[in-house]
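Please open the structure in your viewer and keep the selection tool at hand. The stops below say what to select next and what is to be found there.

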Amino acid sequence: MLSRIKRSEWMYAFVSPVCLMAAVIALADDPAATDPAAATATEDPYAIAEGATQEQLEQQFQQLLNMVPTEQTPEAFKTHLRGVQRFVVELQNPERAIGDELLEGAFQIEYQILQVLSVQLGDADAETEMEGFIARLEQDERPVAVSLLETIRTTEKIQQLETMAAEDRTAFIEEIAMSLSGEDNENAVGYAQMVGEQMEYVAPEEAAAVYELFIKYLAEKSDPQSAATAEYFQGKANYLGLLGSEMVVSSTTVDGQPFDIASFKGQNKVVLVDFWATWCGPCIGELPNLKSHYDAYHGQGFEVVGISLDDDPEALKQFIADQQIAWPTLIDSEVANQGWNNPIAQQYGISAIPACILINQEGKVVSLNARGAELGRLLEELLGPPPAPVEPAAP
């Protein structure tokens, strides 16, 4: 799925340690990327030159992050990451006077590297080194180190929400919620978003109430950022509250005609609401599966309503014509309400697409993830076997 919300890379790494590895692998196809082996035999690309200035250190840091081993093997990646680790550890030396931003990057990258080495590359020493890294942070009184240690401990707690005792989980979530009303709540918002997303996974039946709790504390703030965050969390709560409820969808089609999903009421229809865009690879990948099920089940009462997050109606019209999409596609007529600003997407907190919501004959939402093989299973459950064979869903 393609996501609208992008955390800072280092914070995301606390939740998903594969991201640094994926970034390194992705750079392998970048002609501008540098191979560490390309340095001459007398040069060590990971060593800090004597007397290096702050600007030179920043440039070297960026160059190291852009380096990719020519030989894409676990050992080659491990060797490269160990080299970068050696560089950032030297940057952390208290005797080296560098700016907070560079120091923060050095700490963050070491943390990511140790995660990748341990989780992805099976380095037996990395777990022990991680304990040493945390111990160093605990002894380091510099504000950057203190802040990062707090972030690590908080994100580790978020990862443990699934296994926490119920009373401990409730207390932790309340603590995160209360922090949203503090003076400096930038980190608090990030933590709250991570908690909400984790709760959607571990306890979806509780997640809407968690978002509502966050909104309650954000309401104590009057700044625009808090208001925007509260609106986003309200959308997430609305989305999670859809199961078993009716969905409001009212807009205009790409041809400028008014559309209201309420028009299907009383017609015994099963309706799929598909948030998508022509620029979304996974959405296009799902299209053949959607078309095959539409062709098979349309005669039995299956309807599809596409809600496009594109911002070029004319290009969207051409795509629909080229792909012979038969169902209505909605896009707001106001330019300011197109793309991710689509009011329906905003109302339901849609932050990743495709988002496929299935509504049964009674007008109630029965699934928030009706795509792939799951779409076929649900349609057969609601409408019976298809009158004609359906092409297998793409993996």
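Select Arg-169 to begin, bearing in mind that this is a predicted model: the residue counts as buried because its relative accessibility is 13%, and the cut-off for that word is under 20%. Now add Glu-206, with which Arg-169 forms a salt bridge whose closest N and O atoms are 3.3 Å apart. This pair links distant parts of the chain, since Arg-169 belongs to helix H8 (residues 166-179) and Glu-206 to helix H10 (residues 204-218), 37 residues apart. Unlike its buried partner, Glu-206 is partly exposed, with a relative accessible area of 33%.

Next, select Arg-82 and Glu-129, whose side chains meet in a salt bridge with an N to O distance of 2.7 Å. Here too distant parts of the chain are linked, with Arg-82 in helix H4, Glu-129 in helix H6 (residues 126-139), and the two positions 47 residues apart. Arg-82 is partly exposed at a relative accessible area of 21%, and Glu-129 is likewise partly exposed, at 27%. If you add Asp-123 to the selection, you have a network in which salt bridges that share partners join Arg-82, Asp-123 and Glu-129.

Stay with helix H4, which covers residues 74-91, and select Lys-78 together with Glu-75. How far apart are the closest N and O atoms of this salt bridge? They are 3.6 Å apart, and the two residues are separated by about one helical turn because they stand three residues apart in the helix. Lys-78 counts as buried, at 18% relative accessibility, whereas Glu-75 is exposed, with a relative accessible area of 51%. The pairs visited so far belong to a wider set, as a search of the whole structure finds 15 salt bridges.

For the last part of the tour, turn to the open sheet of five strands, which has the order E6-E5-E4-E8-E9 and mixed pairing. Its edge strands are E6 (329-330) and E9 (365-367), each of which pairs on one side only. Select E8 (residues 355-359) along with E9, and you will find that the two run antiparallel and are joined by two bridges; within this pair, Ile-359 stands opposite Val-365 in E9. Finally, show helix H15 (residues 373-383), which lies across E4 (270-276), E5 (302-308), E8 and E9, and which runs at about 160° to E4.

Key. Residues numbered from 1 in each chain as written. Predicted model: local features only at pLDDT ≥ 70, side-chain atom pairs only at ≥ 80, totals over all residues. Heavy atoms only, no water. Pairing = 2+ DSSP bridges. Helix = DSSP H or I, 4+ residues; strand = E, 2+ residues; numbered from the N terminus. Contact = heavy atoms within 4.5 Å. Axes fitted to C-alpha atoms, helices over the stretch in contact; angles between N-to-C directions. Salt bridge = Lys/Arg side-chain N within 4 Å of Asp/Glu carboxyl O. Buried < 20%, exposed > 50% of the residue type's maximum accessible area, 1.4 Å probe, protein only.
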